Amino acid sequence: MKFHMMHLMPYADLDPSYSEKYPSSWLTLPNSYYDPKKGAKLYNRYIDELVYADTCGFDGVCVNEHHSNAYGLMPIPGVIAGALARATKKATIAVLGRALPLLNNPLTVAEEYAMLDNITEGRLIAGFVRGIGAEYHAWSSNPANSHERFHEAHDMIVRAWAETEPFAFYGKHYQFNYVNVWPRVYQQPRPKIWIPSQGSTETIQWAADASRRYTYLQTFSPLAALRKYMTMYREQADKNGWTAGPEHMGWSCPVYVAETDEQARAEAKPHIEFMFNKLLRMTPEMLLPPGYTSVASIKGMLLAKGNVTAAGKAEKTIDDLIASGMFLCGSPATVREQITTMQKELGFGVFISLMQFGSLPHELTMTNIRTFADDVIPHIRPLGETVTETAEA
Amino acid sequence: MTDVAEIFHELNGCKVRVLRGGKGAPVLFLHGARGATSWTPFMHKLAERYDLIVPEHPGYGGSDTPEWLDNVGDLAYFYLDLIKSLGLTDVLVIGNSLGGWIATEIAVRNTAAIKSLVLIAPAGIYVQGVQRGDIFLWNHAQTTRNLFHDQSIAERLLATEPTESEIDLMLKNNLMTAKLTWAPRLYNPDLCKWMHRIDVPTQIIWGDDDKLIPVAYADAFQKLIPGSRMQVVKNCGHLPHIEKADETLAVIAEFEGEAQ
């Protein structure tokens, strides 16, 4: 199994009392809540943490894109990836991903990824996402065209990497007379493509197409969703006439490891709850603008709630998060066992751990990285390295 | 009482649901983002004097969502075709909000079959410095409250949970409204350049307490459409034909009397 450390680069110094005045830490929270003196220190600290993961033996590091929010301070993730390209030596660098439908010129992503792939001599992993709903508000991109624009932008980027002569691209949303990306990607025929998602039938069907076979990452989800969507991916691949291997499936999850379960819980509690209750605080209208998800799935949610006019939801506790499997927390033995159990059941070969979350301070983050690298990774690395026979269990 | 018929009319590969009732000169009513599923008191009274035709826009309610539908201009051409296909002439076109935007787009293209225009709090243009509401960020309850001045109307509407079929309609309408109006939000940057082409009598009606498109937009519309008249309805939100149906009908009657 391959182990990657993900960072969201949250604004950890966010005044938690903001939620008395504002409904969300996204979109409409005034940026007066951001102190550049503190933010500058956070950026450099967070880059150090990712570089440390490289020296500790993680296989890769991951960054991603969010806009106008305190949850993740990487509106332009290529800036961080560029810094990591020089500061890391061995780790792959995954940008998970660029939100293609937001862009009026997706060729910027073809170019940005090609540059990163060259500077790192082939350590780039290319992530493509649609972004979460709030980005469509923040970047004035029409959510009703999200799927169309994603597919069209993806097709153009992948073709731009494959072709070695200029070509014209005329789509519904994007039109270029000359597509001719300099530099070419370092990895031939192209970098690995990863598709992170919180679970979408459409995305899985698309990623598991025999012509793509993109690695599907289930991010920040309860175990029930992890099971459902990984099984769906594997079955979809079977239907399409190919067999999904460990390298085609990944699980992304916040992780905290300490000497004992009790210590881990006590240390992580305020910080993971800050992440879920303050940084991920969002209204349904921000999260699910019309067209972002299918009408059928929004309707299911509305009917499940049973009350279209209901507002707000209960805050999550660390116990809820651990119980649902959205947070792996405990002694190295506990965390090893949880990952092993899920791996044996589902057969994924990529594990992405969020080692800093919410307000988790630098020292605890560094210890978390070191402990995971020393006491978890070496023990379970062989998982998924050979074809497991337990996938049907 | 006027009888209302539900008719399905197929045109350009799109079947549209049309409510039609009353006798007299033809009136085409173009609904806003919430659709037009039922025959409202306003429509009932209009149908006492007119042949009232209320289609649900392609992409809304009981109408098909055609492949060709991408923007409000597409709807304008569709309605010009519909007017022709129904053999209508001398039509009074009434539009509210999104429907007022469609009516304006129709009128800058061709007024040959149009006698006059009533625009009730129309979308379609942008006025710098005037803050509009955000229908996509408001939740269901906030939207309902912000559409009305009289909050007792909103409370009455919110007292009942929508049924499953009402949720279906709401989601379908929301999806098409996003497709048509998300960006540029609720307007077409090119429209204001050509509104001088509107050469039929035009009445603009606006609620003084419109929280979605504030009444300051009424002045801008009046300036852009030559010879247009404007009436502000007091103590009224974004839907004067619902919140102040009688006053709105009186304004239309007076306008039509003079516009003959």
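## A two-chain predicted model, from folds to contact

Chain B holds nine helices and eight strands. Like everything described here, chain B belongs to a predicted model. Chain A comes to 14 helices and eleven strands. Let us start with the overall build of each chain and then move to the details.

### The two chains side by side

| Chain | Residues | Radius of gyration | Globule value | Citation |
|---|---|---|---|---|
| Chain A | 393 residues | 20 Å | near 21 Å | |
| Chain B | 260 residues | 17 Å | near 18 Å | |

In chain A, the radius of gyration of 20 Å agrees with what a compact globule of 393 residues would have. Chain A's C-alpha atoms fill a box of roughly 60 × 50 × 45 Å along the principal axes, and 48% of its residues count as buried. If we take the contacts in chain A between residues at least 6 apart in sequence, 77% of them join residues at least 24 apart.

For chain B, 17 Å likewise agrees with the compact-globule value for 260 residues. The box around its C-alpha atoms is roughly 40 × 40 × 40 Å, again along the principal axes. Buried residues make up 46% of chain B. Of its contacts with a separation of 6 or more, 73% come from residues 24 or more positions apart.

### Nonpolar cores

In soluble globular proteins, nonpolar side chains tend to be buried together. Here the largest nonpolar core has 107 residues, and the members that touch the most others are M5(A), V61(A), I93(A), Y233(A) and V255(A). A second, separate core has 75 residues, including V91(B), A103(B), L180(B) and I225(B).

Which residues does V255(A) touch, not counting those up to four places away in sequence? They are L328(A), V335(A), S353(A), L354(A), M355(A) and F372(A).

### A helix of chain A: α3

Helix α3(A) covers residues 107-119, which makes 13 residues. From first C-alpha to last it reaches 18 Å, close to the 18 Å expected at 1.5 Å a residue. Its buried residues are V109(A), A110(A), E112(A), Y113(A), A114(A), M115(A), L116(A) and D117(A); the charged residues E112(A) and D117(A) are thus part of that buried set. The buried residues of α3(A) pack against two helices of chain A, α2 (77-87) and α5 (146-162), and against two strands, β3 (92-99) and β4 (124-129). After the helix comes E121(A), with a positive phi near 50°.

### Backbone details in the loops of chain A

The loop between β6 (175-179) and β7 (192-197) of chain A contains P183(A), and the peptide bond from W182(A) to P183(A) is cis, with omega near 0°. P189(A) is also found in the loop between β6 and β7. The bond leading to it from Q188(A) is cis too, with omega near 5°.

Two serines take a positive phi. S68(A), in the loop between β2 (60-63) and α2 of chain A, has a phi of about 50° although it is not a glycine. It counts as partly exposed because it has 16 C-beta neighbours inside 10 Å. S140(A) also has a positive phi, near 50°, and sits in the loop between α4 (133-138) and α5 of chain A. With 11 C-beta neighbours inside 10 Å, S140(A) counts as exposed.

### A hairpin of chain B

Strands β1 (residues 4-11) and β2 (residues 14-21) of chain B run antiparallel and are joined by eight bridges. One of these pairs I7(B) with V18(B). Two residues lie between the strands of this hairpin, where N12(B) takes a positive phi near 50°. How many of the eight residues of β1(B) are buried? The count is zero, and the strand is hardly covered.

### Where the chains meet

The contact takes 21 residues from chain A and 20 residues from chain B. On the chain A side, α9 (284-287) and α10 (295-305) each supply at least two residues. The largest share, five residues, comes from α10(A). By kind, the chain A side divides into eleven nonpolar, eight polar and two charged residues.

A good place to look on the chain B side is L175(B), in helix α6 (residues 164-181) of chain B. Why does L175(B) count as buried? It has 22 C-beta neighbours inside 10 Å, and 20 or more are enough. Leaving aside its neighbours within four places in sequence, L175(B) is in contact with A144(A), P290(A), G291(A) and V295(A). Within chain B, L175(B) and G59(B) are 116 residues apart in sequence and 8.6 Å apart in space, C-alpha to C-alpha.

Methods. Residues numbered from 1 in each chain as written. Chains lettered and ligands numbered in written order. Predicted model: local features only at pLDDT ≥ 70, side-chain atom pairs only at ≥ 80, totals over all residues. Core = buried A, V, L, I, M, F, W, Y, C linked by C-beta atoms within 7 Å. Buried ≥ 20, exposed ≤ 12 C-beta atoms within 10 Å, placed from the backbone. Contact = placed C-beta atoms within 7 Å. Helix = DSSP H or I, 4+ residues; strand = E, 2+ residues; numbered from the N terminus. Expected span 1.5 Å × (residues − 1). Rg over C-alpha atoms; globule rule 2.2 N^0.38 Å. Pairing = 2+ DSSP bridges.
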